[in-house]
Amino acid sequence: MITSEKLLKKYKPQEIKIEKPKNKLLDLNSILFQQLENLMNPNITQEEKEEEIKVSKQVVSVSQTIINNANLLLQAKKYFDSAEDSQSEIAPLLSLNEDNNSEKDI
């Protein structure tokens, strides 16, 4: 099992490159409502509707993972903000000690 200590020893925080996401949580909301509209479309055949249901199940699964991850990051940020030692080893893993305002993109 890989622990955070092993990762920190193997990689220096500046060596881990994380690309800025192309999509935002607000985009997810639009995608979910678009999928709902596709499902509710009265002009599609039963076969098309069955295909939309399959796609919807996949979208919901991925969406739930995205939402869970965002919730985890929010909880970590709250914990980090309330902790006395803001320079802890976990900060680089969460990109919480950077001066950029990436949370504005959420």
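S56 is located in helix α3 of this predicted model. With a relative accessible area of 10%, S56 is buried, because buried means under 20%. Once residues up to four places away in sequence are set aside, S56 touches Q35 and L39. The points below begin with this contact and then turn to the surface and to the chain as a whole.

**Contacts of S56 and Q35**

- Q35 has its place in helix α2, whereas S56 belongs to helix α3.
- Q35 counts as buried because its relative accessibility of 11% is under the 20% limit.
- If neighbours within four places in sequence are left aside, Q35 is in contact with E52, V55, S56 and V59.
- The pair Q35 and S56 therefore joins two buried residues, one with 11% relative accessibility and the other with a relative accessible area of 10%.

**A nonpolar patch on the surface**

- Which residues make the nonpolar surface patch? The patch is made by L25, V62 and I66, and its area is about 220 Å².
- L25 lies in helix α2, which covers residues 25-40.
- Is L25 buried or partly exposed? L25 is partly exposed, because its relative accessible area of 31% falls between the limits of 20% and 50%.
- The value of 31% for L25 also meets the requirement for patch residues, because these must have over 30% relative accessible area.

**A negative patch on the surface**

- E47, E48, E50 and E51 form a negative surface patch.
- Among them, E50 has its place in helix α3, which comprises residues 46-82.
- E50 is partly exposed, because its relative accessible area of 43% lies between 20% and 50%.
- E50 therefore also satisfies the patch requirement of over 30% relative accessible area.

**The chain as a whole**

- How many helices and strands does the chain have? Its secondary structure comes to four helices and zero strands.
- Read from the N terminus on, the elements follow the order α-α-α-α.
- The chain has 106 residues, of which 8% are buried; S56 is one of the buried residues, and Q35 is another.
- The chain exposes about 9,300 Å², and carbon and sulfur atoms supply 55% of this area.
- Of the contacts in the chain with a separation of 6 or more, 46% are between residues 24 or more positions apart.

Definitions and conventions:
Residues numbered from 1 in each chain as written. Predicted model: local features only at pLDDT ≥ 70, side-chain atom pairs only at ≥ 80, totals over all residues. Heavy atoms only, no water. Patch = residues over 30% accessible without salt bridge, like charges linked within 9 Å, V, L, I, M, F, W, Y side chains within 5 Å. Areas by Shrake-Rupley, 256 points an atom, 1.4 Å probe, with all protein chains shown as cover. Salt bridge = Lys/Arg side-chain N within 4 Å of Asp/Glu carboxyl O. Lys, Arg positive; Asp, Glu negative; His and termini not counted. Charge placed at Lys NZ, Arg CZ, Asp CG, Glu CD. Helix = DSSP H or I, 4+ residues; strand = E, 2+ residues; numbered from the N terminus. Buried < 20%, exposed > 50% of the residue type's maximum accessible area, 1.4 Å probe, protein only. Contact = heavy atoms within 4.5 Å.
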